[in-house]
Amino acid sequence: MPLLDARDVHGGYGGMNILNGVNMTIEADEIGVIVGPNGAGKSTMLKAIFGLLHVSQGEILLRGEPIQNLPPNKLVQKGMGFVPQEYNVFPSLTVKENLQMGAYLKPGNVKRMLARVYEFFPPLYDKRHQPAGELSGGQRQMVAMGRALMAEPDVLLLDEPTAGLSPLYMNEIFERVKEVNAAGVGILMVEQNAKQALAIADKGFVLAAGQNRFTDTGAALLADPEVAKSFLGG
Amino acid sequence: MDKTRTDTVAAPRRFPLREALLFLVLLAAVLGVYGVMGAAYSTRMLVEAACYAILALGLTIQWGYAGQFNAGVMGFVALGGFCAMFFSVPVNEAFWGSELPGELGRVLLYGVGAVILVVGACRLDRLGVPKKLRTVIAVLLAVVLYMVVISAFREVTDQIESRADFVGGLGLPAWVGWIFGGALAGGVGYFIGRICLGLRSDYLAIATIGIAEIIKAFLKNSDWLTRGTATVSPLPWPVPGPAEVGFTLARALYFSVTAVLIAVIFFLLHRAYHAPWGRMIRAIRDNEVSASAMGKNINRRRLEIFVLGCILMGIGGAVLGSFNSLFDPQGYLPLNHTFLVLVMVILGGPGNNLGTIFGAVAVYIIWLMSEPLALFLMELAVSFGEGAFGWDAPTNLDSRALQARVLVIGLLITLVLRFAPKGLLPEKVKHVD
Amino acid sequence: MNELVFFINNVVIAGSVTGSIYAIGAVGVTLIFSIMRFAHFAHGDMMTFGAFMVLLLTTLFPQAGAAIGVPTPLIMLPLAMVLTAALAVGIDRAFYKPLRAHGVKPIVLVIGSLGVTLMLQGLIRLFAGTGGESLYVDDRKEIFRLALPIEGVRVPVVITEPQLYLFVLTLVAVVGLHFFLSRSRLGKAMRAMSDNPDLAQASGINTNTIVAVTWVIAGGLAAIAGTLLSLDVTFKPDLSFFLLLPIFAAAIVGGVGHPYGAIAGGFVVGFAETLAVFNWSVLLRPFRDSLPEWLSLPGNLAFVGTEYKIVVPFFILVVILVWRPTGIFKGKVI
């Protein structure tokens, strides 16, 4: 049974449909990467999965259980974590408090998971008493991912985790994503840096105009000349 | 919300059935009051309702057109009332015949001089004085000069109070006071608007509540200017008074003046609403970001509309003050002069001038009629309570019955916001496909 | 030295008293603002309601305090806090929640809260009448006069019993609030929601619970502030309009959404008020004889008369809005 299975998802804001039938499947230990041009509905798809957007048609299954249109706090309980692209930390809370908020629904986890998150992201340990708003962009992204990991999710949704970061931090974040995945967390992420992202992806989804254009393994998509020509900048 | 919109889009030029029906009901209510309470009382009610309609129009352009919430209508009404009093009351010879006007002028000149000095001190940094030092000098100078001027001022005002009672009026026709009432209210509105309109809308509400209480405190305690709690009366009317032509006719004449005033304001507002200026105002209200992206000077337009609303409130307050023929600063209450107007606007239809006038008259009738009704219900309850349980009713029943009206107004505000946020006659938003 | 004691009595003590009351009120306002993003104008009436509950309970059981030797109103305060908190949650459910669910602009909530103000005012006056009443129904207000052991000082430092309780209660409330916000899970969740409501929801924080908790805290604090004010002077049903401006000025001075700022702002406004109405010529009197001839000292050197006290918070509000709209501690929302 796949970890996350989205079938023919339609949805949008108000009357406007942005998703016109998207299909996505990832297994428990996989990294899935969504790429595509601006306005293709990449972030919208993540929001639809996380219940932030009304799904008008189609279904989304988490380990075979339908979850479409459940509120976010229910999804967190069911083992899903979400890291928004912007505004993804609590700026006036300290790093440690940010992480604690991630385990809000599982207060028993806090001690054990804090230790694990500090293992994943060592820089956070040194800054744990600093307000998250004072950190650099890359560190903030670590706080955001750490916050989502605190609830011990089975699948983590990342919305453009490397947006606006310097190349150095970008590599660092990709490394962390791989590590988190190696620890047994399924990943579904939207990325602008398509080549780098597909390089670590087990599955790649190229979206355009709210529909799947190409769906294959990351390596196969990278090798496909048509994908390279139209979506990876040659 | 969407329902009314599609409705107005589909039939922009339909027969105004809703309007006609509501105004017919209103007419019936007015006639009913005439039948029960007599012509003199009912005409007075109509005049007061007309004055409230001017206030409500002022609020509807602030809240309905531009989304600005003025929670201090009372202050602007009181300013209008003060101007109506100050300009029309006869000249006080005891004051003007003495050396007191000169003294007062001298102190006011001191004040101007002090302001110039402080402003000058604020510019000291241009002469090479360090900024920190300049601030210290300016603040110290301001404090000291303020003390000097205010002490001199207190002396003069005490003199005026003990020797001439108060400064008296200017003995001009009532309408001069109305114009200046509008101007003064507009000036205060400009001051508040400059400070608050660029910030969150909550701040405007807080600041207007504050300025209203300050204006009231000033008018109440400046005995030298307003006689304070001793009140000033009578205020002359622009039409023959009751003493010359009788109550009903005099009030009817006054009513015709207010009716003309409302017609003029209504016409001008109608023109402005449909002019490019009005469209711009509504564009800013509905979508501030895109309006500013189109290069509209948002804060300037906001300030214009706020000041315009305040001017109308000042005029309405002045007309109301003249009609009451009594200037009593303590009579200005947030309930009667802010919240009643607010209910008129949100019930009638914010942004819809016709709806606002309807709301003003309808709510005012209900307001007046509720007083005897509340008392009646109270007495009924008491006699029932005494008969059934031997309940010993409190003696201050009358004043408590009036508190029921506070409760009802509050309930009305929350209910209308919840169930009819567009009012009985909603603003017609025209959509062009 | 007598003048200095006079200054302590009239400025230091009086300023701390009003400052404490404003601070507790402003904390409630600022918490509501940071969670629900609107200026809650009915706060003054929640304070009045809390004090009214204390009055009611004290009148019903006037002897309750004598058993353990404290004034009855203080015994009744916890109960009144619970009642006021319940009222606050109830008002939110009945009036604000439906408006929020409609997704209205914050200013509509402000108008709604004015409607609630009127309802509470009407209800309280309907039952309590319009006059003032002392909360000390069956107890005596004790007044402590501390004669200073300094030569030539005749005037004692005067402090009343309720003022002492006021300082203690304010301290307890502030420390309690601090620990709640910085240590407890709910308190941190509250700060998180004030920082970023969407992310709080994405973290699984139940925002409805946080809203309810905010009202409970704000209601409880309002009951404390209202009771302390009524203990210090008397209970009056129409306090609220005069409380509104100083409390909001305090919240804005401290930076809206910033609880510690609100406490500081409360004391700033409280002391500014007492300093402004203080007659400074009293302090200058000892130097009267050494002043030059041309500088005669007027008898009244107060900045404003007590009747214009309300000008002070307004002036502070205007200055802060012009000079630094985010407040001295950099609030979140303008």
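Between which chains are the most contacts, among the two pairs of chains that touch? They are between chains B and C. The model on display is a predicted one, and the tour below starts from its chain pairs before turning to single elements.

**Stop 1: the chains**

Display chains B and C together. Their contact draws 39 residues from chain B and 43 residues from chain C. On the chain B side, select α7 (131-164), α8 (174-196), α9 (201-221), α16 (334-348) and α18 (397-419), each of which gives two or more residues to the side touching chain C. Coloured by class, that side of chain B shows 23 nonpolar, 10 polar and six charged residues.

Next, display chains A and C. Here the contact involves 21 residues from chain A and 15 residues from chain C. In chain A, α2 (72-77) and α3 (95-102) each supply at least two residues of the side that touches chain C. The class count for that side of chain A is 13 nonpolar, six polar and two charged residues.

Finally, show chains A and B without chain C. Chain A and chain B do not touch, and 12 Å lies between their nearest C-alpha atoms.

**Stop 2: a helix pair across the B–C contact**

Select α9(B) together with helix α12 (residues 311-323) of chain C. These helices pack at an angle of about 145 degrees, and their axes are 10 Å apart. The crossing of α9(B) past α12(C) is left-handed. To see the contact itself, show side chains for Tyr203(B), Ala207(B), Gly210(B), Ile211(B) and Ile214(B) from α9(B), then for Val311(C), Phe314(C), Leu317(C) and Leu321(C) from α12(C). Eight of the residues in this contact are nonpolar and one is polar, with no charged residue.

**Stop 3: a helix pair within chain C**

Remain in chain C and select helix α3 (residues 72-101) and helix α8 (residues 207-232). Their axes come within 7 Å and cross at roughly 140 degrees, which makes α3(C) oblique to α8(C). The crossing of α3(C) past α8(C) is right-handed. Residues to pick out in α3(C) include Pro73(C), Leu77(C), Met81(C), Leu87(C) and Asp92(C); among those they meet, as a group, in α8(C) are Val211(C), Trp215(C), Gly219(C), Ile224(C) and Leu231(C). By class, the contact of α3(C) with α8(C) comprises 17 nonpolar, four polar and one charged residues.

**Stop 4: the domains of chains A and B**

Isolate chain A and colour it by domain: domain 1 covers 1-79 + 154-173 + 185-234, and domain 2 covers 85-152. Taken over C-alpha atoms, the centres of these domains of chain A are 24 Å apart. At their boundary, 13 residues of domain 1 of chain A are in contact with eight residues of domain 2 of chain A. The elements giving two or more residues to the domain 1 side are α2, β7 (155-159) and α7 (167-182) of chain A. Of these, α7(A) gives the most, with three residues. The domain 1 side divides into seven nonpolar, three polar and three charged residues.

Apply a similar colouring to chain B, where domain 1 is 2-91 + 173-383 + 396-419 and domain 2 is 93-164. The centres of domain 1 and domain 2 of chain B, taken over C-alpha atoms, are separated by 36 Å.

**Stop 5: a sheet in chain A**

Return to chain A and select β1, β2, β4 and β5. These four strands form an open, antiparallel sheet in the order β2-β1-β4-β5. β2 (16-26) and β5 (65-66) of chain A stand at the edges with a single partner strand each, so one side of each has no neighbour in the sheet. Inspect the pairing of β1 (residues 4-13) with β4 (residues 55-62) of chain A, which is antiparallel and extends over six bridges. Arg7(A) is found opposite Glu59(A) in β4(A). Then add helix α1 (residues 42-49) of chain A, which lies across β1, β2 and β4 of chain A and runs at about 75 degrees to β2(A).

**Stop 6: two backbone details**

In chain A, centre on Asn69(A), in the loop between β5 and α2. Although Asn69(A) is not a glycine, its phi is positive, at about 65 degrees.

In chain B, centre on Pro234(B), in the loop between α10 (223-226) and α11 (242-245). The peptide bond joining Ser233(B) and Pro234(B) is cis, with omega at about -5 degrees.

Terms used
Residues numbered from 1 in each chain as written. Chains lettered and ligands numbered in written order. Predicted model: local features only at pLDDT ≥ 70, side-chain atom pairs only at ≥ 80, totals over all residues. Axes fitted to C-alpha atoms, helices over the stretch in contact; angles between N-to-C directions. Parallel < 35°, antiparallel > 145°, perpendicular 65-115°, else oblique. Left-handed = near helix turned anticlockwise from the far one by under 90°. Contact = placed C-beta atoms within 7 Å. Nonpolar A, V, L, I, M, F, W, Y, C, P; charged D, E, K, R; others polar. Domains from an automatic or database assignment. Pairing = 2+ DSSP bridges.
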